[in-house]
Amino acid sequence: MQAGTQKSVLIIDDEEDFAHTLAERLSLRNLAVQVACSGAEGLAFMEQNLPDALLLDMRMPAMSGIEVLRTVRQKYGMLPVLIITGHCSQEDHDRAQELGVQGYHSKPLDFKELFEQLVEVLHQK
Amino acid sequence: MTDKHFMAKNLASSTHELQNILAIIKESSCLVEDVLQINGKPRMKHGDKLYHSLEVIGEQVDRAKVLLRALNSFAHAVSDGAQTCDLVETGKQTAQLVERFVRLKEHALQVVVENGSAHIACPPEEVIEALHSLIIQAITACTPKAPVLLRLGAQQNGQALAIIEVAGAAWNPEEMEQLAAKAGGSVVLAPGVCTVQFPCAASL
């Protein structure tokens, strides 16, 4: 990302080490990145600071990625959301598609692919 | 819960966890690489070994990722009780799962997709078991080091085809017919070519 156009990204993932390392890598590329380790924490954070894009895990305890996504759509409309997940069932995939996610990325990530898509959705916003 | 479902559930959960672990290893090693690059490849003793090691970590994570994804999909298909599957996807997963056995016999396995997808009316785990066993059977007696080809997805007369080609393969027709039948398929054998036919889901 170019200097002076810093965009913000929120990562919601219960795998703390993964989320923080990914955040570090994105920060090195001039993005302002925050991490939330649960759906509830992520939604609470968004009440105060709405990010430009969301990176969202699907399988999390207590509140699933789909539940978070549904709330995000109700409250914040078409905020760009990229799914980052180890496994996405066909049912989850279909529901996420209906809720208008911009992309899916499976773990371990192809970082280049994720970053390129993230930049694209941030520019479109 | 049957034994099969119990095992599948645990395999699905464990492979999911392993994918998370691999993801952390990969992002951590890539972060080190990022920092080194930002610092303009600092001159350090044996620095080349550090870069090489990071490259190897990335390659091995990607190698494990392929295998874990195949195992994870396989486990989820069994635990979800799927009764149909895409022969192309399931065939690719089989190839990933059988690849090590093929390599240990000094053969190389190549997958050729003839058609983007072919939905068949057979549970995926049974298709995997049949194709896996047929490939093992094919390399048990064949030309040493002959390449193994698995062609997937061609369709004819309401049947989707998985074709195994190995030069010099000595087929055991009765055993192969039994293996295919377990997954609801049938085989047509010719020298070096075993065509497995599965009923397409829509044609039932």
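The largest nonpolar core has 36 residues. Those with the most contacts inside it are B:L87, B:I120, B:V127, B:I164, B:V166, B:V196 and B:F198. Two or more residues each come from helix 3 (87-104), helix 4 (124-140), strand 4 (148-156), strand 5 (159-166), helix 5 (173-181) and strand 7 (193-199) of chain B. Helix 4 of chain B gives the largest share, seven residues. A second, separate core of 25 residues includes A:L26, A:V35, A:I84 and B:I24. The model is predicted. In soluble globular proteins, nonpolar side chains tend to be buried together.

**Chain B as a whole**

- Chain B has five helices and seven strands.
- From the N terminus on, the order of its elements is α-α-β-α-β-β-α-β-β-α-β-β.
- The C-alpha atoms of chain B fill a box of roughly 65 × 45 × 30 Å, taken along the principal axes.
- Chain B has 204 residues, and 43% of them count as buried.
- Take the contacts in chain B between residues at least 6 apart in sequence: 73% of these join residues at least 24 apart.
- About 10,600 Å² of chain B is exposed, and carbon and sulfur atoms supply 56% of that area.
- Chain B carries 17 positive and 22 negative charges, and the mean positions of the two sets are 9 Å apart.

**B:V166 and B:A146 in chain B**

- B:V166 is among the residues with the most contacts inside the largest core.
- Setting aside neighbours within four places in sequence, B:V166 is in contact with B:A138, B:C142, B:A146, B:P147, B:V148 and B:G192.
- B:A146 sits in the loop between helix 4 and strand 4 of chain B.
- B:A146 counts as buried because its relative accessibility is 5%, and the cut-off for buried is under 20%.
- Not counting residues up to four places away in sequence, B:A146 touches B:H107, B:V166 and B:A167.
- B:A146 and B:F101 are 45 residues apart in sequence, and their C-alpha atoms are 14 Å apart in space.

**Unusual backbone angles**

- Most residues other than glycine have a negative phi, and most peptide bonds are trans.
- B:H46 is not a glycine, yet its phi is positive, near 60°.
- B:H46 lies in the loop between helix 1 (3-38) and helix 2 (47-79) of chain B.
- B:H46 is partly exposed, with a relative accessible area of 48%.
- B:K145 is not a glycine either, and its phi is positive at about 60°.
- B:K145 lies in the loop between helix 4 and strand 4 of chain B.
- B:K145 counts as exposed because its relative accessible area is 57%, and the cut-off for exposed is over 50%.
- In chain A, a cis peptide bond joins A:K107 and A:P108, with omega about -10°.
- A:P108 is in the loop between strand 5 (103-106) and helix 5 of chain A.

**Two helices of chain A**

- An α-helix has 3.6 residues a turn, so residues three or four places apart point the same way.
- Helix 5 (residues 111-124) of chain A has 14 residues. From first C-alpha to last, this helix reaches 20 Å, close to the 20 Å expected at 1.5 Å a residue.
- The buried residues in helix 5 of chain A include A:F111, A:L114, A:F115, A:L118, A:V119, A:V121 and A:L122.
- Helix 3 (residues 65-76) of chain A has 12 residues. Its reach is 15 Å from first C-alpha to last, close to the 16 Å expected.
- In helix 3 of chain A, the buried residues are A:G65, A:I66, A:V68, A:L69, A:T71, A:V72 and A:R73.
- Cover for these buried residues of helix 3 includes strand 1, helix 2 (39-48), strand 3 (53-56), strand 4 (81-85) and helix 4 (90-98) of chain A.
- A:G77, just after helix 3 of chain A, takes a positive phi of about 65°.

**A:I12 in chain A**

- A:I12 is found in strand 1 (residues 7-12) of chain A.
- A:I12 is buried, with a relative accessible area of 0%.
- Beyond neighbours within four places in sequence, its contacts include A:A36, A:S38, A:G39, A:L54, A:M60 and A:V68.
- A:I12 and A:Q34 are 22 residues apart in sequence and 8.7 Å apart in space, C-alpha to C-alpha.

Note on methods:
Residues numbered from 1 in each chain as written. Chains lettered and ligands numbered in written order. Predicted model: local features only at pLDDT ≥ 70, side-chain atom pairs only at ≥ 80, totals over all residues. Heavy atoms only, no water. Helix = DSSP H or I, 4+ residues; strand = E, 2+ residues; numbered from the N terminus. Expected span 1.5 Å × (residues − 1). Buried < 20%, exposed > 50% of the residue type's maximum accessible area, 1.4 Å probe, protein only. Contact = heavy atoms within 4.5 Å. Areas by Shrake-Rupley, 256 points an atom, 1.4 Å probe, with all protein chains shown as cover. Lys, Arg positive; Asp, Glu negative; His and termini not counted. Charge placed at Lys NZ, Arg CZ, Asp CG, Glu CD. Core = buried A, V, L, I, M, F, W, Y, C linked by side-chain atoms within 4.5 Å.
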